[in-house]
Amino acid sequence: MDRLIPEKIIWKQKFGTLEIALTIIGAVLYGLGAFSTMNWAIGFITLRPFAFIAVVWGVFFGPWVGGLAALIGNTFISDILAGWFGIGGVGGAIGNFMMAFIPGLLVPHPKNWKAVALWGGIVGTLVVAFFVGGWIALMGFAPFWTLFSTVLIADVPPNLIIAPIICAWLFNRVQKRGLYWRDRLENK
Amino acid sequence: MAFVLQMLELGKLRSPIHSLDPRAKLLWWICLIIVPILVTNPFILLAFTIWIWIMAVLAKISYKMYRFLIITYPVMVGFIVLTWPFFYPATEDQFYFFRFGILHWSLEGTIYALAMGMRIVLALTACTFFVMTTDLMGLASAVGEFMQNKLRISYMYPLMVISSFKFLPELSGDYITITDSFRSRACDIDAGSIVQRFRKTIPVAIPLIDSMLRRAMRISIALELKAFDVDIKDRTFYEKYVFTWKDVLFVLTGVLAILFSILAIVLGIAKVEMYL
């Protein structure tokens, strides 16, 4: 339970109808959460209190389900509706995918708050900030540090604080419904 | 939230632009993403932006698009324009408004920042025009058909995107119901300081996620009942999209924009550096 990485890292995840449904719902939740809280701003920096959904989805339903949900939610819902799609584009898509993929892959158990905070709150968030800042800087739209720091400010609090709490609270319900991805893999 | 639904509905209007093939609009939009990557001259970028504003009149979305962009421009561009001058390389020949240690703000840096802001303005305008004139579900369906029939890629990926748009109104309804029920118990998620609002997301998130999981299970059952299979790659499509000469012409306008940008590079007028 206290391990920070799982005994065996599982890269593959078979997509059935349940995985597809969970991806769709995760994408809508993530995109809607990001878009509906765009008015939560400190100066020009808009906060993303629902960013934790990507981490939670990755931890509960697996790296590919979480990653695709975050990618679709961020890129095809939030970015398109906000008009940011052409600018954030590739960096935002890969970064958000990784933000869910990394904790999904490396968190051994959802109730292990240290692992959720480490892989989701710190590593995953740093990766998304790096990709978004790096892409925007590569395209020459803004300096790297501007978007890197903005993404960190927006994503660290929800991923570091809220994600471990939600994971711990909701895990039993998810497991009872037979939706936890590691259990499903074992059953298969 | 109502704005999300409004945006999705705008794509279903009837106009000469709306009636074009969604794939044509997608290609045009990709061209308009490439333009601000090639060009940094703010006047050329402004000219392209005005061109899209004029096309918005033709697409009958001018009022809603202008109203949206007037709010969006400062939020999206302001922060970047304000921070760019601090990162602009400091040299002795610049005119400085202030210079203190590594912190500096020069006239040249400001001009450069405005040019960078103009690039984002063009990209934002093109994206907004594209979203407001395209039925996103139609686009995903057309792209899905192309991917399956030409590239042999499973319909699963477009389905996830299409369904996300399809469930957006339903899930936003759930979100509003949950936040309203909390509001009726004196817990307004949109009220209070940032820290207070941040804390309130937890009690809202629990029932939200829980109800969504139930919905996911229902969607999964519905997919099973309709015999959806990830491995099937010969699915038929209800709506057929055909490229006409109008679509080709529309894509050509985007290609012309790129050619004009390349010409500007050749002539040495594409970069903001010519004003610095």
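This is a short chat about a predicted model with chains A and B.

Student: How confident is the prediction for chain B, on average?
Tutor: The mean pLDDT of chain B is 87. In that chain, 99% of residues reach 70 or more.

Student: Where in chain B is confidence lowest, and where is it highest?
Tutor: The low point is helix α1 (residues 2-10) of chain B, with a mean of 75. The high point is helix α9 (residues 245-267) of chain B, at 96.

Student: OK, new topic. Which residues touch the most other members of the largest nonpolar core?
Tutor: They are A:Ile20, A:Phe52, A:Trp57, A:Phe61, A:Ile166 and B:Phe129. This core has 153 residues.

Student: And which helix gives the largest share of this core?
Tutor: Helix α5 (residues 107-133) of chain B, with 16 residues.

Student: Why does this core lie between two domains of chain B?
Tutor: Because domain 1 (21-134 + 242-275) and domain 2 (158-225) of chain B both give residues to it.

Student: How many Å separate the centres of those domains of chain B?
Tutor: The centres of domain 1 and domain 2 of chain B are 35 Å apart, taken over C-alpha atoms.

Student: Back to A:Phe52. What does A:Phe52 touch?
Tutor: Leaving out residues up to four places away in sequence, A:Phe52 touches A:Pro158, A:Asn159, A:Ile162, A:Ala163 and A:Ile166. In chain B, A:Phe52 touches B:Ala205 and B:Ile209.

Student: Is helix α2 (residues 52-61) of chain A largely enclosed or exposed?
Tutor: Largely enclosed by the rest of the structure, because ten of its ten residues are buried. Among them are A:Phe52, A:Trp57, A:Gly58 and A:Phe61.

Student: What follows α2(A)?
Tutor: A:Gly62 does, and its phi is positive, near 105°.

Student: How many residues of α1(A) are buried?
Tutor: 19 of the 20, so α1(A) is also largely enclosed by the rest of the structure.

Student: What span should α1(A) have, at 1.5 Å a residue?
Tutor: Helix α1 (residues 17-36) of chain A should span 28 Å. Its end C-alpha atoms are 28 Å apart, which agrees.

Student: Switching to B:Thr179. Where is B:Thr179?
Tutor: B:Thr179 sits in helix α7 (residues 156-184) of chain B.

Student: Is B:Thr179 buried or exposed?
Tutor: Buried, because its relative accessibility is 5% and the cut-off is under 20%.

Student: What lies 2.9 Å from a polar atom of its side chain?
Tutor: The backbone oxygen of B:Tyr175.

Student: And which residues does B:Thr179 touch further along the sequence?
Tutor: B:Thr179 touches B:Ile189 and B:Val204, not counting residues up to four places away.

Note on methods
Residues numbered from 1 in each chain as written. Chains lettered and ligands numbered in written order. Predicted model: local features only at pLDDT ≥ 70, side-chain atom pairs only at ≥ 80, totals over all residues. Heavy atoms only, no water. Core = buried A, V, L, I, M, F, W, Y, C linked by side-chain atoms within 4.5 Å. Buried < 20%, exposed > 50% of the residue type's maximum accessible area, 1.4 Å probe, protein only. Helix = DSSP H or I, 4+ residues; strand = E, 2+ residues; numbered from the N terminus. Domains from an automatic or database assignment. Contact = heavy atoms within 4.5 Å. Expected span 1.5 Å × (residues − 1). Polar contact = N/O pair within 3.5 Å; in protein donor to acceptor, adjacent residues only side chain to side chain. pLDDT = per-residue confidence, 0-100.
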